[in-house]
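Let's take a friendly walk through this structure together. Have the model open beside you as you read.

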Amino acid sequence: MKYNIRGEKVEITSAIRSYIEDKIGKLDKYFDDTESVNANVVIKVRGNEQKIEITIPAMHYTLRSEEAHSDLYAAIDLTVDKLERQIRKNKTKINSKIKRNVIQSFETNLEDNFEDDHFEVLKRKQVDMKPMDEEEALLQMEMLGHTFFVFKNVDTDSVCVLYLRKDGNYGIIETN
């Protein structure tokens with residue numbers, strides 16, 4: 001597994017880097033080809049709280065977890081444990097989807113874009129729209145821990161937004 005570790009308002013020492021690599025390295029057993037897997041790690045410090053975000057875009061799905069704690073090492077442990085629970089929880093669903101070759105890979109490119117207008121675009125995300133069905137989109141949204149997910153519906157060939165409603169159910173917005 002390849003590691004991209006960066007810190008915001010914190011210096012990434014060799015001890016922190018090796019601890020993160022050791023902890024995330026325990027997830028290697030869940031991937032077939034670990035050389036093609038990249039783990040993106042961002043460590044942020046806000047006051048007395050350290051926040052760690054780990055994103056692993058695998059071939060057929062994206063794993064993402066973030067945790068905050070007063071101790072950086074505890075935050076790392078919590079985040080990696082959360083990722084491992086996600087993998088184990090969704091292993092059966094993921095394997096059945098991969099066997100049916102329905103899930104397509106998608107990559108995200110993150111870029112910060114600031115404009116001089118009355119507002120600022122703080123974050124811009126580009127996503128390759130790969131066709132998937134509603135069930136796969138729901139699985140992907142849950143694995144990312146988001147409350148909405150944009151996807152191209154394989155049945156209707158339209159761009160859709162899957163979102164979590166306030167009542168705990170899900171809704172879909174379809175474009176024409």
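Is Glu8 buried, partly exposed or exposed? This is a predicted model, and in it Glu8 has a relative accessibility of 30%. Buried would require a value under 20% and exposed one over 50%, so Glu8 counts as partly exposed. Its salt-bridge partner is Arg6, with the closest N and O atoms 3.3 Å apart. Arg6 is partly exposed too, at a relative accessible area of 43%.

That pair belongs to a wider set of contacts, as the count of salt bridges comes to ten. Several charged residues can be followed as a group: Lys44, Lys51, Glu53, Arg64 and Glu66 are linked in a network of salt bridges. Within this network, Glu66 meets Lys51 at 3.1 Å, N to O. Their link spans distant parts of the chain, with Glu66 in strand S4 (residues 62-69) and Lys51 in strand S3 (residues 49-57), 15 residues apart. Glu66 is partly exposed at 27%, and Lys51 is partly exposed at 23%. Lys44 and Glu53 also form a salt bridge, at 3.2 Å from N to O, but here both residues are buried.

Now turn to the later strands. S7, S8, S9 and S10 form, in that order, an open sheet with mixed pairing. Its edges are S7 (131-132) and S10 (170-174), each pairing on one side only. S9 (residues 159-164) runs antiparallel to S10, and five bridges join the two. Here you can find Cys160 opposite Glu174 of S10. Finally, helix H3 (residues 134-144) lies across S7, S8 (148-153), S9 and S10, at about 150 degrees to S8.

Methods: Residues are numbered from 1 along each chain as its sequence is written. This is a predicted model: local features need pLDDT of at least 70, side-chain atom pairs count only at pLDDT 80 or more; totals for chains, interfaces and linings use all residues. Side-chain values use heavy atoms; hydrogens and water are left out. Two strands pair if DSSP finds at least two bridges between them. Helices (H or I, at least four residues) and strands (E, at least two) are DSSP runs, numbered from the N terminus. Contact means heavy atoms within 4.5 Å. Axes are lines fitted to C-alpha atoms, for helices over the stretch in contact, and angles run from 0 to 180 degrees between N-to-C directions. A salt bridge is a side-chain nitrogen of Lys or Arg within 4 Å of a carboxyl oxygen of Asp or Glu. Buried means under 20% relative accessible area, exposed over 50%, partly exposed in between (1.4 Å probe, protein chains only).
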